[in-house]
Structures are given as C-alpha cells and as structure tokens.
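User: Hello! I am new to this structure and would like to learn how to read its features one at a time. Could you guide me through it?

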Amino acid sequence: MRKIEIYEPAMCCPTGVCGPSVDQELLTITAITKEVNASEENRIYRRNLSQNPQAFVRSEVVNQKLKESGVEGLPLTLVNGQVYLEGKYPTIEQIRELTGLKLEDIK
C-alpha cells in the first residue's frame with residue numbers, strides 16, 4: 001500500500017470552487033483523491049495548512065522543507081514518508097504510476 005500525503009498551502013476549501021474563480025488543478029486533485037481512496041491498495045491524504053496545521057508540525061520532513069522553501073514549496077507531496085514532489089500537485093500520470101490505477105474517468 002502506498003501512502004501519499006499532499007501538504008497544501010492555506011486554503012478555505014480543498015475543492016477550489018469557493019473562491020472567485022475555479023481552480024482546475026484543485027478540482028483534478030480532488031477527483032484523483034476520491035478515485036484513489038476508493039481503492040483498498042492506496043491512500044491519499046490531503047493536509048491543508050489552514051485546516052490541519054498540526055499535521056505540518058508533526059512531520060519532520062515537512063518542517064524541514066518549510067524551513068528551506070517556505071510556503072512557496074507547497075504543495076509538497078510525500079510518498080511513504082519521502083519527498084516526491086515540491087511546489088506543484090502530482091499529475092494524473094504521476095498518480096497512475098505511483099498507484100497502478102488507471103484513473104480513466106479523470107481528465
């Protein structure tokens with residue numbers, strides 16, 4: 001099982017539809033998360049700085065990266081506790097590679 005954690009900058013909501021314009025990248029990562037979490041073999045956890053600051057404090061890896069890059073390094077993606085991607089969300093192709101899932105319904 002792969003544990004994928006995405007540490008996100010402070011946002012009022014994880015979907016990207018609550019602001020003045022829709023953020024397609026957030027809609028995509030929300031759809032990917034829902035699809036991956038429907039499987040029993042992989043799990044994606046999204047940690048939002050404004051909604052779950054303690055998750056940032058508890059992770060030594062995230063703490064170190066925040067000291068190095070500040071919030072500009074977010075989103076930060078960890079796979080099984082190791083840094084996988086900094087400063088952007090993983091693509092559908094990257095999630096497919098990590099999970100082995102087809103994710104055909106996500107565009």
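User: Let me begin with one residue: which residues does Leu-74 touch, not counting residues up to four places away in sequence?

Analyst: Happy to help, and please keep in mind that this is a predicted model. Leu-74 touches Tyr-7, Glu-8, Pro-9, Phe-56, Leu-66 and Gly-87. You will find Leu-74 in the loop between α3 (60-69) and β3. With a relative accessibility of 7%, Leu-74 counts as buried.

User: What kind of peptide bond joins Leu-74 and Pro-75?

Analyst: Here is the general idea first: most peptide bonds are trans, and most residues other than glycine have a negative phi. The bond between Leu-74 and Pro-75 is cis, with omega at about 0 degrees. Pro-75, too, belongs to the loop between α3 and β3.

User: Which residue other than glycine has a positive phi near 50 degrees?

Analyst: Asn-80 has such a value, and its place is the loop between β3 and β4. Leu-103 also has a positive phi, of about 50 degrees, although it is not a glycine. Leu-103 sits in the segment after α4. Their accessibilities are worth reading too: Asn-80, at 46%, counts as partly exposed, while Leu-103, at 5%, counts as buried. As for glycine, Gly-100 comes just after α4 and takes a positive phi of about 80 degrees.

User: How should I read the buried residues of helix α4, and where around the axis do they lie?

Analyst: Start from helix geometry: an α-helix has 3.6 residues a turn, so residues three or four places apart point the same way. In α4 (residues 92-99), the buried residues are Ile-92, Ile-95, Leu-98 and Thr-99. Because they cover an arc of only 125 degrees around the axis, they are on the same side of α4. Among the elements that cover them are β1 (2-8), α1 (24-38), β2 (42-48), β3 (76-79) and β4 (82-86).

User: Which members of the largest nonpolar core touch the most other members?

Analyst: In soluble globular proteins, nonpolar side chains tend to be buried together. Here the largest nonpolar core has 15 residues, and Ile-4, Ile-32, Ile-44 and Ile-95 touch the most other members. Two or more residues come from each of β1, α1 and α4, with α1 giving the most, four residues. Another core lies apart from this one and has seven residues, including Ala-55, Val-62, Leu-74 and Leu-78.

User: How many aromatic pairs does a search of the whole structure find?

Analyst: The search finds one. A pair of aromatic rings is described by the distance of the centres and the angle of the planes. The ring centres of Tyr-7 and Phe-56 are 5.1 Å apart and the planes are at 85 degrees, so this pair is edge-to-face. Since Tyr-7 is in strand β1 and Phe-56 in helix α2 (residues 53-58), the pair ties together parts 49 residues apart in sequence. Both Tyr-7 and Phe-56 are buried.

User: One last residue, please: is Asn-48 buried or exposed?

Analyst: Asn-48 counts as buried, at 4% relative accessibility. This residue lies in strand β2, and its side chain reaches the backbone oxygen of Met-11 at 3.3 Å. To link back to where we began, Leu-74 and Asn-48 are 26 residues apart in sequence and 10.0 Å apart in space, C-alpha to C-alpha.

Key: Residues numbered from 1 in each chain as written. Predicted model: local features only at pLDDT ≥ 70, side-chain atom pairs only at ≥ 80, totals over all residues. Heavy atoms only, no water. Buried < 20%, exposed > 50% of the residue type's maximum accessible area, 1.4 Å probe, protein only. Arc of directions from axis to C-beta. Contact = heavy atoms within 4.5 Å. Core = buried A, V, L, I, M, F, W, Y, C linked by side-chain atoms within 4.5 Å. Polar contact = N/O pair within 3.5 Å; in protein donor to acceptor, adjacent residues only side chain to side chain. Phe/Tyr/Trp six-rings, centres within 6.5 Å; stacked < 30°, edge-to-face > 60°.
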